[in-house]
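Here are a few exercises to work through with the model open beside you. Try each task before reading its solution.

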Amino acid sequence: LSNPDVLGQGSLLDLLRHDFWGQEMTLETSHKSWRPAAVFSLRLSHELHGPEACGFHFDNVLLHAVVTYCYSVFCFQLTESYMNEIEKTARHTAILASIIFAVHPIHTEPVASIV
């Protein structure tokens, strides 16, 4: 770990001024990849677990579970208007969409990887 924003060496406002790798956005060498929410979650993981990889993985899995739950609530609310007409099919559609979201391979990198 060498990103000063993740290590907590700067202020939280630095997350808004720095790129994903902890460099000033105005620098020519900056990647211009501005992701303050992602860096904040890494910083929080580092504060909670230190540099241990298992802590970062645990937090990633927990975040994915929370987002999956929010997505399933959204799917149920979206299909709620169809519940009276075809209640069982609408409920199954929401469940299927939530399961696909939870296990889809595109989510492998954000959940399993640590940058």
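Buried means under 20% relative accessible area, exposed means over 50%, and partly exposed is in between (1.4 Å probe, protein chains only). You're working with a predicted model, where local features need pLDDT of at least 70, side-chain atom pairs count only at pLDDT 80 or more, and totals for chains, interfaces and linings use all residues. Residues are numbered from 1 along each chain as its sequence is written, and side-chain values use heavy atoms, with hydrogens and water left out.

**Exercise 1. Place Cys70 and say whether it is buried, partly exposed or exposed.**

Start with the element: Cys70 sits in helix H4. Helices here are DSSP runs (H or I, at least four residues), numbered from the N terminus. Next, the accessibility: Cys70 comes out at 46%, so it counts as partly exposed. Finally, try a distance: Cys70 and Gly22 are 48 residues apart in sequence, and their C-alpha atoms are 30 Å apart in space.

**Exercise 2. Describe how H3 and H4 cross.**

First, get the geometry. Helix H3 covers residues 36-49 and helix H4 residues 53-79; their axes come within 9 Å and cross at roughly 130°. That makes H3 oblique to H4. For the cut-offs, angles under 35 degrees count as roughly parallel, over 145 as roughly antiparallel, 65 to 115 as roughly perpendicular, and the rest as oblique. The axes are lines fitted to C-alpha atoms, for helices over the stretch in contact, with angles running from 0 to 180 degrees between N-to-C directions.

Then add the hand: the crossing of H3 and H4 is right-handed, meaning the near helix is turned clockwise from the far one by less than a right angle.

Now list who touches whom, with contact meaning heavy atoms within 4.5 Å. H3 brings Ser41, Leu42, Ser45, His46, Leu48 and His49, while H4 brings Gly55, Phe56, Phe58, Asp59 and Leu63. Sorted by type, the residues of this contact are five nonpolar, five polar and one charged. Here Ala, Val, Leu, Ile, Met, Phe, Trp, Tyr, Cys and Pro count as nonpolar, Asp, Glu, Lys and Arg as charged, and the others, Gly among them, as polar.

**Exercise 3. Which residues does Ser45 touch, not counting those up to four places away in sequence?**

Find Ser45 in helix H3. Ser45 has 5% relative accessibility, so it is buried. Its contacts beyond that sequence limit are Gly50, Phe56 and Asp59.

**Exercise 4. How many aromatic pairs does the structure hold?**

Set the rule first: rings of Phe, Tyr and Trp (its six-membered ring) pair if their centres lie within 6.5 Å, with planes under 30 degrees apart counting as stacked, over 60 as edge-to-face and the rest as tilted. By that rule there are three pairs.

One of them joins Phe20 and Trp21: 4.9 Å centre to centre with 85° between the planes, hence edge-to-face. Phe20 is buried at 7%, whereas Trp21 is partly exposed at 42%.

Another joins Tyr71 and Phe101, with ring centres 4.5 Å apart and planes at 20°, so this pair is stacked. Tyr71 lies in helix H4 and Phe101 in helix H5 (residues 83-103), so the pair ties together parts that are 30 residues apart in sequence. Tyr71 is partly exposed at 28%, and Phe101 is buried at 19%. To finish, ring pairs link Tyr71, Phe74 and Phe101 into a cluster.

Notes:
Helices (H or I, at least four residues) and strands (E, at least two) are DSSP runs, numbered from the N terminus.
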